[in-house]
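The following note sets out comments for a colleague who is examining this entry. The points are numbered so that each can be taken up separately.

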Amino acid sequence: AVNLDLLNGIKERYEKYTDMREQVIKRSRDIGKAAKNAVYALQREDFSKADRNLLQCAQEASAIFKELIAEAPTLRSGGFSAALEEMAEAVAYRSFLPERRL
């Protein structure tokens with residue numbers, strides 16, 4: 001006999017994980033976009049706009065981690081990691097520009 005309760009539990013966990021994964025992917029795109037916008041602003045020497053974009057990146061990354069990644073650490077790879085890499089590059093560029101050193 002098939003244990004329907006077990007199958008339903010598996011299905012619910014799968015659907016929850018899939019929903020969380022979709023949220024991480026969508027929200028991580030926002031981090032990557034804001035990081036790229038920060039780099040573009042830095043290329044124009046608009047440090048104020050770059051700083052706003054970087055703050056947005058940091059806040060959203062922190063929120064994603066607290067709300068989703070902490071519950072499902074495997075979601076950290078992929079889109080979220082790529083977004084953090086974009087953010088790190090933008091932060092490094094922001095740090096480099098004023099003094100021409102890291």
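**Comments on the model**

1. *Status and confidence.* The coordinates come from a predicted model. The mean pLDDT of the protein is 96, and 100% of the residues reach at least 70. By element, confidence is highest in H2, with a mean of 98, and lowest in H3, with a mean of 96.

2. *Fold and overall dimensions.* The protein contains three helices and zero strands, giving the pattern α-α-α along the sequence. Its radius of gyration is 18 Å, whereas the globule rule gives 13 Å for 102 residues, so the protein is more spread out than a compact globule. The C-alpha trace spans about 70 × 20 × 15 Å along its principal axes.

3. *Surface and contact order.* Of the 102 residues, 27% are buried. The accessible surface amounts to about 7100 Å², and carbon and sulfur atoms account for 53% of that area. When contacts between residues at least 6 apart in sequence are considered, 72% of them join residues at least 24 apart.

4. *Nonpolar core.* Which residues touch the most other members of the largest nonpolar core? In this core of 22 residues they are Val24, Ile31, Cys57, Ile64, Ile69, Leu75 and Phe80. Each of H1, H2 and H3 supplies at least two residues of the core, and H1 gives the most, with eight residues. Leaving aside residues up to four places away in sequence, Cys57 touches Ile31, Ala34, Ala35 and Met87.

5. *A buried asparagine.* Asn53 belongs to helix H2. Is Asn53 buried or exposed? Its relative accessible area is 10%, and Asn53 is therefore classed as buried, the limit being under 20%. Apart from residues up to four places away in sequence, the contacts of Asn53 are with Ala34, Asn37 and Ala38.

6. *Salt bridge between Lys16 and Glu71.* The total number of salt bridges is eight. In one of them, the side chains of Lys16 and Glu71 meet with an N to O distance of 2.5 Å. Lys16 lies in helix H1 (residues 4–43) and Glu71 in the loop between helix H2 (47–69) and helix H3 (79–99), so this pair ties together parts that are 55 residues apart in sequence. Lys16 is partly exposed, at a relative accessible area of 46%, and Glu71 is likewise partly exposed, at 48%.

7. *Salt bridge between Asp51 and Arg94.* What connects the side chains of Asp51 and Arg94? They meet in a salt bridge with an N to O distance of 2.8 Å. Asp51 is in helix H2 and Arg94 in helix H3, so parts that are 43 residues apart in sequence are tied together by this pair. Asp51 is partly exposed, with 34% relative accessibility. Arg94 is partly exposed with a relative accessible area of 21%; buried residues have under 20%.

8. *Glu22 and the charged network.* Glu22 is placed in helix H1 and forms a salt bridge with Arg21, in which the closest N and O atoms are 3.6 Å apart. As the cut-off for a salt bridge is within 4 Å, this pair qualifies. Both residues are partly exposed: Glu22 has 33% relative accessibility and Arg21 has 40%. The C-alpha atom of Glu22 is separated by 9.8 Å from that of Leu75, a residue 53 places away along the chain. Elsewhere, Arg27, Glu60 and Glu67 are linked in a network of salt bridges.

9. *Backbone geometry.* Two residues merit inspection of their phi angles. Most residues other than glycine have a negative phi. Glu45, however, has a positive phi of about 60 degrees although it is not a glycine. Glu45 lies in the loop between H1 and H2 and is exposed, with a relative accessible area of 61%. Arg100, also a residue other than glycine, has a positive phi near 60 degrees. Arg100 is in the segment after H3 and counts as exposed at 55% relative accessibility.

Technical notes
Residues numbered from 1 in each chain as written. Predicted model: local features only at pLDDT ≥ 70, side-chain atom pairs only at ≥ 80, totals over all residues. Heavy atoms only, no water. Helix = DSSP H or I, 4+ residues; strand = E, 2+ residues; numbered from the N terminus. Buried < 20%, exposed > 50% of the residue type's maximum accessible area, 1.4 Å probe, protein only. pLDDT = per-residue confidence, 0-100. Contact = heavy atoms within 4.5 Å. Core = buried A, V, L, I, M, F, W, Y, C linked by side-chain atoms within 4.5 Å. Rg over C-alpha atoms; globule rule 2.2 N^0.38 Å. Areas by Shrake-Rupley, 256 points an atom, 1.4 Å probe, with all protein chains shown as cover.
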